Amino acid sequence: MGMSVTISAATEQDAEQIFRLQYLCFQSEAALYGNYRIDPLVQTLDSVRQEVASDCVFVARLGDEVVGSVRGAVTEDGAASIGKLCVHPRLQGHGIGARLLRAAESALVEEHGAKKFRLHTGHRSESNLSLYRRVGYQTVGTSKGADGVEMVVLEKPAGAYAATA
């Protein structure tokens, strides 16, 4: 490839690439559950644009191409909800997801005063669970998504940042 992946805050101009990447990346999750109505696959481009404008959104870039993204927002209880972490399938397993998490976690603490981080992933999503546990998240419960998928709820305190590699 010859270029390195950089992590930066998303801009409005990134929304369409994030939307397309999210659709590509979450196909494997949908197949795992036999459910192609999961939120990342039915979210509209306008909704992604709204999240980029209002939430804490980071992207991973390889040149001009968005190859990863993550979103976060502080919830009413002071926790930062992190979601829709995705990395292009051809670049998974190279630490990009952990780098995106680290960027989002840092910004959510520094800019929004988050005291802890919370995320949800499907109960069969072993690679996701492995990543989250490796960077310090612990299971705190379960829930059922609006799409019917059983979710594992994970949290970690602010300051316990993800490794960068």
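Select Lys84 and Asp39 first: in this predicted model, their side chains meet in a salt bridge, with N and O 3.0 Å apart. The pair connects distant parts of the chain, since Lys84 belongs to strand β4 (residues 79–87) and Asp39 to helix α3 (residues 39–42), 45 residues apart. Colouring by accessibility separates the two partners: Lys84 is buried, at 18% relative accessible area, whereas Asp39 is partly exposed, at 41%.

Keep Lys84 selected and add Glu51. These two residues also form a salt bridge, and their closest N and O atoms lie 3.5 Å apart. Glu51 is located in helix α4 (residues 45–54) and Lys84 in strand β4, so this contact ties together parts separated by 33 residues in sequence. Glu51 has a relative accessibility of 17% and therefore counts as buried, the limit being under 20%.

Next, extend the selection to Arg71. Through salt bridges that share partners, Asp39, Glu51, Arg71 and Lys84 are joined into one network.

Then move to helix α1 (residues 15–25) and display Glu16 and Arg20, which both lie in this helix, four residues apart, or about one turn. A salt bridge links Glu16 to Arg20, with the closest N and O atoms at 2.6 Å. As for accessibility, Glu16 is partly exposed at 34%, while Arg20, at 56%, counts as exposed.

To complete the tour, display every salt bridge: the structure holds 12, among them Glu16 with Arg20, Lys84 with Asp39 and Glu51 with Lys84. In general, side chains of opposite charge can pair when their charged atoms come close.

Technical notes: Residues numbered from 1 in each chain as written. Predicted model: local features only at pLDDT ≥ 70, side-chain atom pairs only at ≥ 80, totals over all residues. Heavy atoms only, no water. Salt bridge = Lys/Arg side-chain N within 4 Å of Asp/Glu carboxyl O. Helix = DSSP H or I, 4+ residues; strand = E, 2+ residues; numbered from the N terminus. Buried < 20%, exposed > 50% of the residue type's maximum accessible area, 1.4 Å probe, protein only.
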